[in-house]
Amino acid sequence: MLLIVNNIQKEFEKGVPVVNKASFTVGYDEIFALLGPSGCGKTTTLRLISGFEKPDHGAVILSNRVLSSNDTHVPPQDRGIGFVFQDYALFPHMSALDNVAFGLTDLPRHKRKVFAEEVLCRTGMGDYKHRSPSELSGGQQQRVALARAIAPEPDLILLDEPFSNLDAMLRTTTRKEVRSIIKKAKMSAILVTHDQEEALSFADRVAVMNNGRIEQIGTPEEVYYRPKTRFVAQFLGKTNIFEADVEGDDYVNTELGKIRLNCRARGHITCSIRPEHLTIEKPNGTTDEVRLGIIAAREFKGHDITYHVEFGAERYIVHTDNRVLFEPSDEVVVKPLEPAVVLEDK
Ligand code: ATP
């Protein structure tokens with residue numbers, strides 16, 4: 001299975017593209033996430049792939065079959081794609097078993113329930129097969145919806161914010177289970193979410209969307225540790241953004257002191273360095289190059305501590321483990337543990 005999304009564009013209002021020239025591929029057995037803030041066009045992208053919307057331009061191709069293009073539009077039910085919607089969209093008057101059996105129209109009638117039960121067991125819901133959706137918890141309904149989507153054995157499954165109705169504890173465990181079910185079934189999946197932790201922990205690759213455009217595609221480690229833009233750096237977690245002039249060709253002089261860059265650069269640049277890539281030390285007074293910062297605030301979070309350190313008008317956030325103890329107003333030295341990432345933004 002290979003899904004190719006090529007340069008798709010969609011406008012609901014003339015001149016305002018909600019999806020703007022989005023291109024990406026999803027490979028065999030791959031879990032891909034579309035991550036971005038509310039309204040950035042994630043769901044519309046998913047609807048263009050599922051066939052519920054037609055693109056104004058571009059193409060959607062699944063395993064060499066054109067599903068959407070200028071002159072083709074395969075209807076959703078004929079695309080061989082499974083969906084799990086945010087509200088699960090289970091039939092309320094049917095049991096869990098009937099919900100799953102309903103879509104198995106390729107099987108002879110007498111085999112549908114047997115197979116549906118097998119799939120329900122795979123998602124841990126075998127014991128609940130006779131219950132209706134109203135007799136199931138959110139997490140259980142979610143698993144029935146997943147069983148219904150994977151039962152017809154589609155090559156690709158689309159998941160639109162499927163964990164957002166679950167409480168925090170259940171969300172983490174259900175996420176892990178769903179990932180393992182999808183991987184065991186050797187299906188490919190696209191997850192839509194605005195939750196960066198969810199995208200980073202669930203997907204093999206992540207596309208970060210902003211304002212209809214995909215700003216970066218990469219593995220979770222790539223987008224988190226090597227963001228290309230200020231938006232990606234800030235959307236994926238706390239970071240320190242600063243501007244500086246390049247010296248030599250791979251370091252900058254900042255209020256903290258000298259910081260190495262992750263690549264060669266020139267001129268005035270914008271950089272990002274994650275709080276966990278900085279560390280705090282007591283000044284030892286030996287190096288006159290070192291600049292001193294003042295601890296402005298401290299957030300103790302149990303297993304780690306976040307410090308806000310002021311260097312004149314600039315403020316840096318530093319995450320340390322809980323053994324690095326300083327008090328507000330202490331004078332400290334902040335040192336980079338990793339190079340700063342050069343961003344494309346000017
Ligand atoms: P969320 O996380 O809030 O669901 P999203 O990133 O999935 O957001 P979309 O649902 O794709 O965003 O919507 C993108 C933009 O397109 C929004 O401004 C939305 O109001 C608009 N939009 C979506 N569907 C339609 C439609 N059928 N008609 C008109 N505008 C639409």
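# Why do we call it that?

Guide: Let's start with Glu 327, a residue that counts as partly exposed in this predicted model, with a relative accessibility of 44%.

Visitor: Why is Glu 327 called partly exposed?

Guide: Buried means under 20% and exposed means over 50%, with partly exposed in between. Glu 327 comes out at 44%, so partly exposed is the right label.

Visitor: How do you know that Glu 327 and Arg 298 form a salt bridge?

Guide: Check the gap between the closest N and O atoms: 3.8 Å. The cut-off is within 4 Å, so the pair makes the grade. Arg 298 is partly exposed too, at 33%.

Visitor: What makes this pair a link between separate parts of the chain?

Guide: Look at where the partners sit. Glu 327 is in the loop between β19 and β20, while Arg 298 belongs to strand β17. They are 29 residues apart in sequence, so the pair ties those parts together.

Visitor: How many salt bridges are there in the structure?

Guide: The count is 16. Another one joins the side chains of Lys 10 and Asp 56.

Visitor: How do you know that Lys 10 and Asp 56 pass the test?

Guide: Their N to O distance is 4.0 Å. Within 4 Å is what's asked for, so this pair counts as a salt bridge. Lys 10 sits in strand β1, Asp 56 is in the loop between α1 and β4, and 46 residues separate them.

Visitor: Which of the two is buried, and which is partly exposed?

Guide: Lys 10 has a relative accessible area of 10%, which is under 20%, so Lys 10 is buried. Asp 56 has 33%, which falls in between the two cut-offs, so Asp 56 is partly exposed.

Visitor: Why does the Arg 47 and Glu 53 pair count as a salt bridge?

Guide: Their closest N and O atoms are 3.4 Å apart, and the limit is 4 Å, so that's a salt bridge. Glu 53 is buried at 17%, whereas Arg 47 is partly exposed at 34%.

Visitor: What else joins residues around here?

Guide: Let's go back to Arg 298 for a second, which is partly exposed at 33%. Then there's a network: Lys 10, Arg 47, Glu 53 and Asp 56 are joined into one by salt bridges that share partners.

Visitor: What makes strand β9 mostly covered?

Guide: Count its residues: six of the six are buried. Ser 188, Ile 190 and Val 192 point one way, Ala 189, Leu 191 and Thr 193 point the other way, and all are buried. In a regular strand, side chains alternate between the two faces of the sheet.

Visitor: How do you know that β3 and β9 are paired?

Guide: Pairing asks for at least two bridges, and β3 and β9 have five, so they are paired, in the parallel sense. Leu 34 stands opposite Val 192 in β9.

Visitor: Which residue stands opposite Ile 190 in β9?

Guide: That's Leu 158. Strand β8 (residues 156–160) pairs with β9 in the parallel sense over five bridges.

Visitor: What about the whole protein?

Guide: The protein has eight helices and 21 strands. Of its 346 residues, 48% are buried. Its C-alpha atoms fill a box of roughly 80 × 45 × 30 Å along the principal axes. On the charge side, there are 43 positive and 49 negative side chains, and the centres of the two sets lie 5 Å apart.

Terms used:
Residues numbered from 1 in each chain as written. Predicted model: local features only at pLDDT ≥ 70, side-chain atom pairs only at ≥ 80, totals over all residues. Heavy atoms only, no water. Helix = DSSP H or I, 4+ residues; strand = E, 2+ residues; numbered from the N terminus. Buried < 20%, exposed > 50% of the residue type's maximum accessible area, 1.4 Å probe, protein only. Lys, Arg positive; Asp, Glu negative; His and termini not counted. Charge placed at Lys NZ, Arg CZ, Asp CG, Glu CD.
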